[in-house]
Amino acid sequence: MFSQPRVLLISSDEAETSDLKAILSEHVVLRSVRELPEFGNHLEGGGYDAVFCGWSFHRGTWSDALRQVQQRNPDLPVIIFCRTGGEREWVEVLEAGGFDLLAAPYQKPTVLALLDRAVDS
């Protein structure tokens with residue numbers, strides 16, 4: 001029996017994440033949180049195959065979330081997503097230890113291919 005990947009998503013911007021959530025929810029077991037303390041609580045429970053993290057969210061940023069992941073589960077891939085992102089932001093994410101940067105618009109083939117690469121890593 002095939003099991004779906006478990007994904008933890010952190011973002012407080014519902015407008016930014018609605019398309020991404022729609023794509024992911026068809027293909028993964030998705031848990032969505034809005035704040036860093038709640039995010040940390042879910043990381044403690046473990047069992048996730050990947051993290052999708054908004055550029056910024058209520059009381060935190062992607063780099064705050066990435067540090068928490070690196071401390072608790074350094075092998076867990078973290079995909080940062082944002083409305084706009086260019087080469088500078090992509091390099092910043094990779095240098096910090098993020099898996100990749102996903103910029104809007106979020107298209108199903110791109111999102112799923114990135115998720116597959118992350119889970120396979």
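Which residues does Thr17 touch, not counting residues up to four places away in sequence? The legends below take this up in a predicted model, beginning with the whole protein.

**Figure 1. Overview of the predicted protein fold.** The protein contains five helices and seven strands. Along the sequence, their order is β-α-β-α-β-β-β-α-β-α-β-α. The C-alpha trace spans about 40 × 30 × 25 Å along its principal axes. The radius of gyration is 13 Å, which agrees with the value near 14 Å for a compact globule of 121 residues. Of the 121 residues, 41% are buried. Among contacts with a separation of 6 or more, 58% link residues 24 or more positions apart.

**Figure 2. Surface and charge of the protein.** The accessible surface comes to about 6,500 Å². Carbon and sulfur atoms hold 48% of that surface. The protein carries 11 positive and 18 negative charges. The mean positions of the two sets are 5 Å apart.

**Figure 3. Thr17 in helix H1.** Thr17 belongs to helix H1, residues 14–25. Its contacts, not counting residues up to four places away in sequence, are Leu9, Ser11 and Phe81. Is Thr17 buried or exposed? Thr17 is buried, because its relative accessible area is 1% and the cut-off for buried is under 20%.

**Figure 4. The buried side of H1.** The buried residues of H1 are Glu16, Thr17, Leu20, Lys21, Ile23 and Leu24. They cover an arc of only 160° around the axis, so they lie on the same side of H1. An α-helix has 3.6 residues a turn, so residues three or four places apart point the same way. The buried residues of H1 pack against five strands and a helix, listed here with their residue ranges:

- strand E1 (6–10) and strand E2 (29–33)
- strand E3 (50–54) and strand E6 (78–82)
- strand E7 (100–103) and helix H5 (108–120)

**Figure 5. The cis peptide bond before Pro105.** Ala104 and Pro105 are joined by a cis peptide bond. Its omega is about 5°. Most peptide bonds are trans. Pro105 sits in the loop between E7 and H5.

**Figure 6. Helix H3 and its buried side.** In H3, the buried residues are Trp62, Ala65, Leu66, Gln68 and Val69. Their arc around the axis is only 160°, which puts them on the same side of H3. The buried residues of H3 pack against helix H2 (36–45) and helix H4 (87–96). They also pack against E3, strand E4 (56–57), strand E5 (60–61) and E6.

**Figure 7. Arg72 in helix H3.** Arg72 is found in helix H3, residues 62–72. Arg72 counts as partly exposed, because its relative accessibility is 37%. Which residues does Arg72 contact, leaving aside its neighbours within four places in sequence? The contacts are Gly40, Leu43 and Glu44. Arg72 and Glu44 are 28 residues apart in sequence. In space, their C-alpha atoms are 7.3 Å apart.

**Figure 8. Thr61 in strand E5.** Thr61 has its place in strand E5. With a relative accessible area of 30%, Thr61 is partly exposed. Thr61 touches Trp55 and Ser56, not counting residues up to four places away in sequence. How many residues apart in sequence are Thr61 and Asp120? They are 59 residues apart in sequence and 26 Å apart in space, C-alpha to C-alpha.

Technical notes:
Residues are numbered from 1 along each chain as its sequence is written. This is a predicted model: local features need pLDDT of at least 70, side-chain atom pairs count only at pLDDT 80 or more; totals for chains, interfaces and linings use all residues. Side-chain values use heavy atoms; hydrogens and water are left out. Helices (H or I, at least four residues) and strands (E, at least two) are DSSP runs, numbered from the N terminus. The radius of gyration is taken over C-alpha atoms; the globule rule is 2.2 Å times the number of residues to the power 0.38. Buried means under 20% relative accessible area, exposed over 50%, partly exposed in between (1.4 Å probe, protein chains only). Contact means heavy atoms within 4.5 Å. Accessible areas come from the Shrake-Rupley method with a 1.4 Å probe; for residues, only the protein chains shown count as cover. Lys and Arg count as positive and Asp and Glu as negative; His and the chain ends are not counted. The place of a charge is taken as NZ of Lys, CZ of Arg, CG of Asp or CD of Glu. The arc is that of the directions from the helix axis to the C-beta atoms.
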